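The following note sets out several points for a colleague's consideration. It begins with a single residue and then turns to its surroundings.

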Amino acid sequence: MKKLIPILILMVIMLTSCNKAEKQFEKETIYPSDLVTAEEIAPFIGYTPTSSEEQTRIVSTLTFLPSELGSNDIVVIKLRQKNQLQSEEKVKAYFDELKNARGDAFDAELQGVESFIAYPSLHYYNNGFHIEITAGSGSDDLQTALLKNIANLTLEKLNNYQTFSTTSAESQEVDKTE
């Protein structure tokens with residue numbers, strides 16, 4: 001019996017550590033650099049950019065720059081998300097406010113999310129996340145394609161993150177009921 005006690009204690013510590021790690025990941029903030037890298041965006045913009053990222057308490061911004069300023073367009077990705085400072089409703093209200101303020105906005109037709117384009121930016125909202133992508137300087141089909149390609153890339157990664165978080169949360173609910 002005495003030999004079992006240390007093993008049981010070790011098992012309890014391991015189980016509680018795993019749950020804490022999953023909970024910590026769920027609360028983790030997502031940054032634009034989690035959704036797209038310079039290597040991933042390069043085929044869409046025609047050059048391999050350098051990048052810089054900034055965070056405030058409300059918005060995270062990732063900027064892709066050409067090696068020579070003025071030689072190519074800059075790409076900026078902003079991410080607002082639900083957190084301790086702003087609720088999902090507040091993020092959604094900000095998205096709706098931007099959409100309503102732009103009379104030239106039109107549906108970006110991204111699958112499964114509410115989205116719009118108001119040149120030079122594309123905006124989409126997905127479960128407490130508002131992503132704004134600004135790229136290029138035109139207002140034609142090529143500009144629309146550029147914005148949508150970058151949006152689809154970020155959306156795929158965002159959906160993967162949300163699927164992981166949802167699966168992790170569901171497994172924790174099962175643990176609580178057992």
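1. In this predicted model, threonine 154 has a relative accessibility of 0% and therefore counts as buried, the cut-off being under 20%. Threonine 154 belongs to helix α5, which covers residues 141-177.

2. Which residues does threonine 154 touch, leaving aside those up to four places away in sequence? The contacts are Leu35, Val36, Ile77, Tyr124, Ile131 and Ile133. Of the strands relevant here, β3 spans residues 75-81, β6 spans 121-126 and β7 spans 129-135.

3. The sheet is open and consists of seven strands with antiparallel pairing, in the order β1-β2-β3-β7-β6-β5-β4. Strands β1 (50-55) and β4 (106-107) lie at the edges, each pairing on one side only. Helix α4 (residues 88-101) packs on the sheet and touches β3, β5 (114-118), β6 and β7. The direction of helix α4 makes about 35° with that of β5.

4. The pairing of β3 can be followed on either side. Strand β2 (residues 59-65) runs antiparallel to β3 and is joined to it by six bridges; serine 60 stands opposite leucine 79 in β3. Between β3 and β7, also antiparallel, there are seven bridges, and arginine 80 stands opposite histidine 130 in β7.

5. Is strand β7 mostly covered or mostly uncovered? Strand β7 is mostly covered, with six of its seven residues buried. Six bridges connect β7 to β6 in an antiparallel arrangement. Isoleucine 133, a contact of threonine 154, is the bridge partner of leucine 122.

6. Strands β6 and β7 form a hairpin with two residues between them. Asparagine 127, in the turn, has a positive phi of about 50°. This backbone value may be of interest when the hairpin is inspected in the display.

7. Confidence should be stated alongside these points. The mean pLDDT of the chain is 83, and 76% of its residues reach 70 or more. Over residues 17-27, however, the pLDDT is below 50, although this stretch has 14 contacts in the model beyond near neighbours in sequence. Where pLDDT is low, the predicted coordinates should not be read in detail.

How values were computed: Residues are numbered from 1 along each chain as its sequence is written. This is a predicted model: local features need pLDDT of at least 70, side-chain atom pairs count only at pLDDT 80 or more; totals for chains, interfaces and linings use all residues. Side-chain values use heavy atoms; hydrogens and water are left out. Two strands pair if DSSP finds at least two bridges between them. Helices (H or I, at least four residues) and strands (E, at least two) are DSSP runs, numbered from the N terminus. Contact means heavy atoms within 4.5 Å. Axes are lines fitted to C-alpha atoms, for helices over the stretch in contact, and angles run from 0 to 180 degrees between N-to-C directions. pLDDT is the predictor's confidence in each residue, from 0 to 100. Buried means under 20% relative accessible area, exposed over 50%, partly exposed in between (1.4 Å probe, protein chains only).
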